[in-house]
Amino acid sequence: MAAARHLRSGLPLIRAHLAASESTAVAQGSRGFSSQVAKPTGKQVKVPDALYGGTGNYASALFLTAAKANTLDKVESEIQTVVEASKKSPLFSQFIKDLSVPKETRVKAITEIFAEAGFSDVTKNFLAVLADNGRLKYIERIAERFVDLNMAHKGEVKVVVRTVIPLPEKEEKELKETLQDILGKNKTILVEQKIDYSIMGGLVIEFGQKVFDMSIKTRAKQMEAFLRQPLEI
């Protein structure tokens with residue numbers, strides 16, 4: 001990905017900023033994200049799901065701004081690129097987590113790196129706000145919650161299926177059809193299969209806040225609990 005290459009090439013900027021011996025005075029007050037982006041066009045946009053907590057608030061603000069700018073998918077891709085960069089580069093990971101780095105240094109480095117990477121104004125300004133507020137270390141969780149909002153906006157439902165062996169194509173199709181009936185025909189079901197030997201057999205289905213545990217491990221525990229019950233004579 002071109003953006004990822006730009007991120008790698010931008011790492012020397014981080015080194016240069018970290019090596020700087022002096023920093024000028026930081027900007028007064030926190031810069032609100034809404035003041036960093038283009039003004040709304042009048043189009044009514046709502047967050048599809050209510051999120052709470054600090055990361056939820058940031059993800060919601062990013063969603064609203066990206067939706068108004070009609071750049072939801074682009075912003076999602078860019079935010080995920082940042083997360084991947086933090087996982088692959090120990091230097092970049094350290095930089096976004098190190099609050100001892102002066103605020104102005106963080107903001108300047110982030111602004112330069114992602115401007116060079118060709119990121120959208122929405123993403124660049126959002127990352128600058130995170131840097132300014134010392135919240136870059138939460139970028140992975142913010143990205144996860146933003147993706148959840150974007151999926152909900154598009155009517156997509158991510159379903160995680162844990163099994164000990166991959167589901168045959170026929171069974172996966174039947175599972176999708178069943179979930180489609182449950183969730184509604186207006187939803188797009190996205191199945192992610194995960195191999196989990198700890199469940200011993202059967203399957204565990206997770207989507208949203210719901211978990212359907214039909215694993216052998218859970219059944220065995222239930223059977224054990226039943227057998228331990230005292231007999232009524």
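How many salt bridges does a search of the whole structure find? Nine, and we'll stop at several of them on this tour. Keep in mind as you click around that this is a predicted model.

**Get your bearings.** Colour the protein chain by secondary structure and you should have nine helices and four strands. Going along the sequence, the pattern reads α-α-α-α-α-α-α-β-α-β-β-β-α. Of the 233 residues in the chain, 38% are buried.

**Helix H3.** Select Lys 74 and Glu 78 and show their side chains: they meet in a salt bridge, 3.2 Å from N to O. The two are four residues apart in helix H3, so about one helical turn separates them. Now switch on a surface. Glu 78 counts as buried, at 5% relative accessibility, while Lys 74 is partly exposed at 42%.

**From H3 across to H7.** Next, pick Lys 87 and Glu 140, whose side chains form a salt bridge at 3.5 Å, N to O. Lys 87 sits in helix H3 and Glu 140 in helix H7, so this pair ties together parts that are 53 residues apart in sequence. Lys 87 is exposed, with 52% relative accessibility; Glu 140 is partly exposed, with 35%.

**Helix H6.** Jump to residues 121-133 and look for Asp 121 and Lys 124, both in this helix and three residues apart, about one turn. Their side chains also make a salt bridge, 3.3 Å from N to O. Asp 121 is exposed at 52% relative accessibility, and Lys 124 is partly exposed at 22%.

**The largest pocket.** Select Glu 144, Asp 148, Met 151, Lys 158 and Gly 208: among the 32 lining residues, these lie nearest the centre of the largest pocket. The elements giving two or more residues to this lining are helices H3 and H7 plus strands E1, E3 and E4. H7 provides the largest share, with 10 residues. Colour the lining by class and you get 13 nonpolar, four polar and 15 charged residues. The space inside comes to about 1100 Å³.

**Around Arg 162.** Show Arg 162, Asp 196 and Glu 206 together, since they are linked in a network of salt bridges. Then add Gly 202, which belongs to strand E3. Put a distance label between the C-alpha atoms of Gly 202 and Arg 162: 8.6 Å, for residues 40 apart in sequence. Gly 202 is partly exposed, at 38%.

**Last stop, helix H9.** Zoom to residues 216-228, where you'll find Leu 227. Leu 227 is exposed, at 61% relative accessibility. Together with Met 223 and Phe 226, Leu 227 forms a nonpolar surface patch with about 350 Å² of accessible area.

How values were computed: Residues numbered from 1 in each chain as written. Predicted model: local features only at pLDDT ≥ 70, side-chain atom pairs only at ≥ 80, totals over all residues. Heavy atoms only, no water. Patch = residues over 30% accessible without salt bridge, like charges linked within 9 Å, V, L, I, M, F, W, Y side chains within 5 Å. Areas by Shrake-Rupley, 256 points an atom, 1.4 Å probe, with all protein chains shown as cover. Salt bridge = Lys/Arg side-chain N within 4 Å of Asp/Glu carboxyl O. Buried < 20%, exposed > 50% of the residue type's maximum accessible area, 1.4 Å probe, protein only. 1 Å grid on protein atoms, 1.4 Å probe; cavity = no way out; pocket = protein on both sides within 12 Å on 5 of 7 lines; lining within 4 Å. Points joined across faces, edges and corners; volume = space filled by probe spheres on them. Nonpolar A, V, L, I, M, F, W, Y, C, P; charged D, E, K, R; others polar.
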